[in-house]
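Biologist: Could you take me through one part of this protein slowly, as you would for someone in their first year? I would like to look closely at the nonpolar interior and at what surrounds it.

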Amino acid sequence: MKKVLLSEKIDDAGIELLTKNHFDVQVAPDTDNESMKAAIKDAYAVIMRSSKLSADVIAAGKELKIISRNGTGINNVDVDAAATCVSC
């Protein structure tokens, strides 16, 4: 089962949809860099809202294939790191 990491909780309907489609949905315990690096290491995807997604967090995602930003804008995502991520 592929892990989807939520940097912050999303609506229950979204979690239910992911779960029904056989994803292991986990909410990060915190959004600081160290917590995110630990939580993202085996995630297939990350869904984020307003938290920051830095280059070192992206690099820690060894299985990471998808970065999804729930909302508008991408100013909280290190886009250069995401674009050059080896595992993505």
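Modeller: Here is a walk from the overall fold into the core and then out to the charged pairs.

Please keep in mind that this is a predicted model. To get your bearings, picture four helices and four strands, which follow one another from the N terminus in the order β-α-β-α-β-α-β-α. The radius of gyration is 12 Å, close to the 12 Å that the globule rule gives for 88 residues, so the protein is as compact as a globular protein of that length. Along its principal axes, the C-alpha trace spans about 30 × 25 × 20 Å. Of the 88 residues, 38% are buried.

Now for the interior. In soluble globular proteins, nonpolar side chains tend to be buried together. Here the largest nonpolar core has 16 residues, and L5, M36, I40, V46 and L53 are those with the most contacts inside it. Three elements give two or more residues to this core: helix α2 (33-40), strand β3 (45-48) and helix α3 (55-60). Try zooming in on I40. Leaving aside residues up to four places away in sequence, I40 touches L5, V46, L53, V57, A60, G61 and L64. Apart from this core lies another, of eight residues, which include V4, I10, V25 and A45. Contacts across the sequence can also be counted for the whole protein: among those between residues at least 6 apart, 35% join residues at least 24 apart.

Let us move from the core to the charged side chains. Side chains of opposite charge can pair when their charged atoms come close. This model has five salt bridges. A good one to start with joins K37 and D56, whose closest N and O atoms are 3.7 Å apart. Since K37 lies in helix α2 and D56 in helix α3, the pair ties together parts that are 19 residues apart in sequence. You may recognise those two helices, as both α2 and α3 also give residues to the largest core. Is K37 buried, or is it partly exposed? K37 counts as partly exposed because its relative accessible area is 24%, and D56 is also partly exposed, at 33%. Salt bridges that share partners join K37 and D56 with E34 into one network.

Helix α1 (residues 12-20) has some details of its own. At its N-terminal end, D11 acts as a cap, with a side-chain oxygen 2.9 Å from the backbone nitrogen of A13. The side chains of K9 and D12 form a salt bridge, at 2.5 Å from N to O, and K9 is partly exposed, with 44% relative accessibility. Further along, E16 and K20 form another salt bridge, at 3.1 Å from N to O. Because E16 and K20 are four residues apart in helix α1, about one helical turn separates them. E16 is partly exposed at 44% relative accessibility, whereas K20, at 58%, counts as exposed. Just after α1, H22 takes a positive phi of about 70°.

Finally, look at the surface and at the last helix. The accessible surface comes to about 5200 Å², and carbon and sulfur atoms account for 54% of it. Helix α4 (residues 79-84) contains A82, which counts as partly exposed at 22% relative accessibility. The C-alpha atoms of A82 and K65 are separated by 9.7 Å, although these residues are 17 apart along the chain.

Notes: Residues numbered from 1 in each chain as written. Predicted model: local features only at pLDDT ≥ 70, side-chain atom pairs only at ≥ 80, totals over all residues. Heavy atoms only, no water. Core = buried A, V, L, I, M, F, W, Y, C linked by side-chain atoms within 4.5 Å. Buried < 20%, exposed > 50% of the residue type's maximum accessible area, 1.4 Å probe, protein only. Contact = heavy atoms within 4.5 Å. Polar contact = N/O pair within 3.5 Å; in protein donor to acceptor, adjacent residues only side chain to side chain. Rg over C-alpha atoms; globule rule 2.2 N^0.38 Å. Areas by Shrake-Rupley, 256 points an atom, 1.4 Å probe, with all protein chains shown as cover. Salt bridge = Lys/Arg side-chain N within 4 Å of Asp/Glu carboxyl O.
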